[in-house]
Amino acid sequence: MKTIEWKDGKVFLIDQRKLPLKYEIINCSTYQAVAEAIKKMKIRGAPAIGVAAAFGIALAAYSSKADTNKEFSLDMEKAKNCLALTRPTAVNLFWALGRIMNLINIKKDVDLFELKDIILQEAKNIAREDIEINKAMGRYGASLIKNGDSILTHCNAGALATVDHGTALGVIRTAFKDGKKIHIYVDETRPALQGARLTAWELMQEKIPFTLIADNMAGFLMSQKRVNLIIVGADRIARNGDVVNKIGTYSLSVLARENKVPFYVAAPISTIDVSLKSGGEIPIEEREAKEVTHIFGKQIAPTGVKVFNPVFDLTPHGYVEAIITEKGIIKKPFEENIKLVC
Ligand code: MRU
């Protein structure tokens with residue numbers, strides 16, 4: 001099963017909140033259910049939530065009772081607004097919604113029966129292209145990995161964060177399939193533990209050698225020369241190359257610079273938001289305190305404690321060695337080179 005699929009008029013997805021203890025497939029038959037799944041992080045990871053949103057619009061299209069194209073467009077707008085309010089940081093969500101809504105606008109006079117199918121086919125295209133893009137990214141990125149490399153990754157930028165294969169983990173997967181002997185250090189990634197729960201689960205399935213560490217151990221490992229490469233994903237990249245990714249990424253990039261470890265970001269072109277001059281303009285999502293005070297439903301902090309829970313941070317482009325995309329590896333100067341591919 002892929003992370004997300006359309007089958008028999010419904011959206012099927014792996015419930016990532018349950019992993020690794022339980023592998024459960026759930027289905028959504030309304031766009032509101034898809035929105036809820038994104039909000040609650042049953043599906044998460046920038047490219048995956050983009051695909052989920054696109055399928056959400058397809059569900060809205062098929063459930064619309066509109067008789068006229070005008071009414072139908074209003075229904076689609078309502079669904080888009082609901083899906084757009086789920087998570088603010090990953091630009092892939094807005095990119096996918098924009099792509100579908102543009103198409104609806106272009107085809108606004110097409111017979112509604114046909115238009116619904118056009119919307120579904122476009123959502124399916126976004127899902128299919130995601131896998132091809134990740135594989136291309138994997139091939140480019142694998143060229144940076146040598147036999148014997150010890151690679152650190154943060155959060156989950158794997159098959160579960162996409163439709164399949166993954167971005168940062170897709171690069172690692174490709175290098176491993178190419179026969180390179182590599183070892184991965186996986187940051188647990190507090191507070192939601194995407195590293196411990198999801199990346200560890202994926203690497204185990206693939207039999208890629210790895211070691212799980214708590215986030216605060218990464219600097220020590222680097223100082224001991226036990227990490228010689230870092231690859232992470234991204235939720236949004238500004239046109240100057242500033243990267244917003246899972247909270248903790250910034251600290252890793254600073255530690256990487258201090259310890260002379262190259263720090264790479266793997267992300268599809270759809271993650272680059274050329275409308276933004278720099279990363280400071282990217283909204284950083286804050287989530288509920290319970291993510292910090294509880295682990296798997298178990299309280300670990302005193303009742304009523306004050307909590308700050310920003311779930312992403314900003315890595316200034318100066319700390320990034322290069323950005324691996326499906327169109328090739330973007331090197332510095334980022335602003336000029338991003339312009340050439342976007
Ligand atoms: O909060 P999440 O789990 O959606 O955050 C995911 C990340 O930060 C990933 O690193 C990013 O989306 C890239 S996934 C290919």
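Here are a few exercises, with worked solutions, on the predicted model shown above.

**Exercise 1. Find out how the chain is divided and how many residues each part gives to the contact.**

Start with the bounds. The chain splits into domain 1, covering 4-135, and domain 2, covering 144-338. Next, check the spacing: the C-alpha centres of domain 1 and domain 2 are 25 Å apart. Then look at where the two touch. Domain 1 puts 31 residues into the contact, and domain 2 puts in 33 residues.

**Exercise 2. Work out the strand order of the open three-stranded sheet, and explain why β1 and β3 each have a side without a neighbour.**

Go across the sheet one strand at a time. The order reads β1-β2-β3, and the pairing is antiparallel. In general, strands of a sheet pair through backbone hydrogen bonds, either parallel or antiparallel. Now look at the edges: β1 (4-7) and β3 (25-28) each have a single partner strand, so one side of each has no neighbour in the sheet. On average, neighbouring strands here are turned by 30° against each other, if you ignore direction.

Zoom in on one pair next. β2, made of residues 10-14, joins β3 in the antiparallel sense over four bridges. As a landmark, find Ile14, which sits opposite Ile25 in β3.

**Exercise 3. Track down two cis peptide bonds and a residue with positive phi that isn't a glycine.**

Stay by the sheet for the first bond. Pro20 lies in the loop between β2 and β3, and the bond joining Leu19 to Pro20 is cis, with omega about 5°.

For the second, go to the loop between β5 (183-187) and α7 (194-206), where you'll find Pro191. The bond from Arg190 to Pro191 is cis as well, with omega near 5°.

Last comes Cys155: its phi is positive, about 65°, although it is not a glycine. Look for Cys155 in the loop between β4 (150-153) and α6 (168-177).

**Exercise 4. Count the cavities of 30 Å³ or more, then describe the lining of the largest cavity.**

First, the count: there is one cavity of 30 Å³ or more. The volume of the largest cavity is about 210 Å³.

Second, the lining. It has 25 residues, and Arg44, Gly45, Ala46, Asn156 and Asp235 are the ones nearest the centre. By kind, the lining breaks down into 13 nonpolar, eight polar and four charged residues.

Third, ask where these residues come from. Domain 1 and domain 2 each supply at least three of them. Among the elements, α2 (46-63) and β9 (243-246) each give at least two, with α2 making the largest share, three residues.

Note on methods: Residues numbered from 1 in each chain as written. Predicted model: local features only at pLDDT ≥ 70, side-chain atom pairs only at ≥ 80, totals over all residues. Heavy atoms only, no water. 1 Å grid on protein atoms, 1.4 Å probe; cavity = no way out; pocket = protein on both sides within 12 Å on 5 of 7 lines; lining within 4 Å. Points joined across faces, edges and corners; volume = space filled by probe spheres on them. Nonpolar A, V, L, I, M, F, W, Y, C, P; charged D, E, K, R; others polar. Domains from an automatic or database assignment. Pairing = 2+ DSSP bridges. Axes fitted to C-alpha atoms, helices over the stretch in contact; angles between N-to-C directions. Contact = heavy atoms within 4.5 Å.
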